[in-house]
Amino acid sequence: MPGSGKTTLAALLVQTLAQNEAAGVILDPKPSRALAETVADVGGTIWSLGGELAWDALPTDPTELANQLLEIEPVDGQMRVYRNAARLQALAQAEG
Ligand SMILES: Nc1ncnc2c1ncn2[C@@H]1O[C@H](COP(=O)(O)OP(=O)(O)OP(=O)(O)O)[C@@H](O)[C@H]1O
Ligand SMILES: [Mg+2]
């Protein structure tokens, strides 16, 4: 909901993470200058669309990120079958 305090909460989270020397990633779809300044103040890195600093989420092996994302999915027998089928399909496409 607009004006409900999302950006203010994000700024507090950034400061709290920094105080605890913990890492975090904030996605700000409605770029707030104040939030960017908060991130900069704690020594954070700021990527922006079309900015000078590029972030490559798919570095050398794109399957690495895919596997990391899938790790949070619950896995039962059926899920394993679907996942392996999807991997085979992706491999076949990459080779062909
Ligand atoms: N916990 C709070 N107590 C009092 N005021 C607050 C609190 N959180 C935010 N505000 C104030 O409410 C206003 C809107 O906050 P904020 O910009 O964080 O909202 P937002 O959800 O990010 O808004 P938008 O959707 O427009 O981006 C600001 O003036 C902010 O200072
Ligand atoms: Mg906001």
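The questions and answers below concern a predicted model of a protein with one ligand shell described.

Q: How many helices and strands does the protein have?
A: This is a predicted model. From the N terminus on, the elements run α-α-α-α. The secondary structure therefore comes to a count without any β element under the DSSP run definition: 4 helices and 0 strands.

Q: Which element of the protein has the highest mean pLDDT, and which the lowest?
A: Over the whole protein the pLDDT averages 89, and 99% of the residues score at least 70. Among the elements, the lowest mean, 78, belongs to helix 3 (residues 62-70), and the highest, 97, belongs to helix 1.

Q: What is the radius of gyration of the protein, against that of a compact globule?
A: Along the principal axes, the C-alpha atoms fill a box of roughly 45 × 35 × 30 Å. A compact globule of 96 residues would have a radius of gyration near 12 Å, but the value for this protein is 19 Å.

Q: How far apart do the C-alpha centres of domain 1 and domain 2 lie?
A: The domain assignment gives domain 1 as 1-54 and domain 2 as 62-95. Between the C-alpha centres of these two domains the distance is 31 Å.

Q: What share of the residues of the protein count as buried?
A: A residue is buried if 20 or more other C-beta atoms lie within 10 Å of its own. Helix 4 (residues 77-95) is hardly covered, with a count of 0 buried residues among its 19. Over the 96 residues of the protein, the share that counts as buried is 2%.

Q: What span does helix 4 reach from its first C-alpha to its last?
A: Helix 4 has 19 residues. At 1.5 Å a residue, 27 Å is expected, and helix 4 comes close to this with a reach of 27 Å.

Q: Which residues are around ligand 1?
A: By class, the shell has 1 nonpolar, 5 polar and 2 charged residues. Pro counts as nonpolar and Lys as charged, whereas Gly is among the polar ones. The residues of the shell are Pro2, Gly3, Ser4, Gly5, Lys6, Thr7, Thr8 and Lys30.

Q: Is Gln19 buried or exposed?
A: Gln19 lies in helix 1 (residues 6-19). The C-alpha atom of Gln19 is separated by 8.8 Å from that of Val42, 23 residues away along the chain. The cut-off for an exposed residue is 12 or fewer other C-beta atoms within 10 Å. Because Gln19 has 9 C-beta neighbours inside 10 Å, it counts as exposed.

Q: Why does Gln15 count as partly exposed?
A: Gln15 is found in helix 1, and its C-alpha atom is separated by 20 Å from that of Gly3, 12 residues away along the chain. The partly exposed class lies between the exposed limit of 12 or fewer and the buried limit of 20 or more. Gln15 falls in this class because its number of other C-beta atoms within 10 Å is 14.

Q: Which residue with a positive phi follows helix 1?
A: Helix 1 has 14 residues and reaches 20 Å, close to the 20 Å expected. The residue in question is in the loop between helix 1 and helix 2 (33-41), and it counts as exposed because it has 6 C-beta neighbours inside 10 Å. Its phi is about 50° although it is not a glycine. The residue that follows helix 1 with this positive phi is Glu21.

Methods
Residues numbered from 1 in each chain as written. Chains lettered and ligands numbered in written order. Predicted model: local features only at pLDDT ≥ 70, side-chain atom pairs only at ≥ 80, totals over all residues. Near = placed C-beta within 6 Å. Helix = DSSP H or I, 4+ residues; strand = E, 2+ residues; numbered from the N terminus. Domains from an automatic or database assignment. Expected span 1.5 Å × (residues − 1). Rg over C-alpha atoms; globule rule 2.2 N^0.38 Å. pLDDT = per-residue confidence, 0-100.
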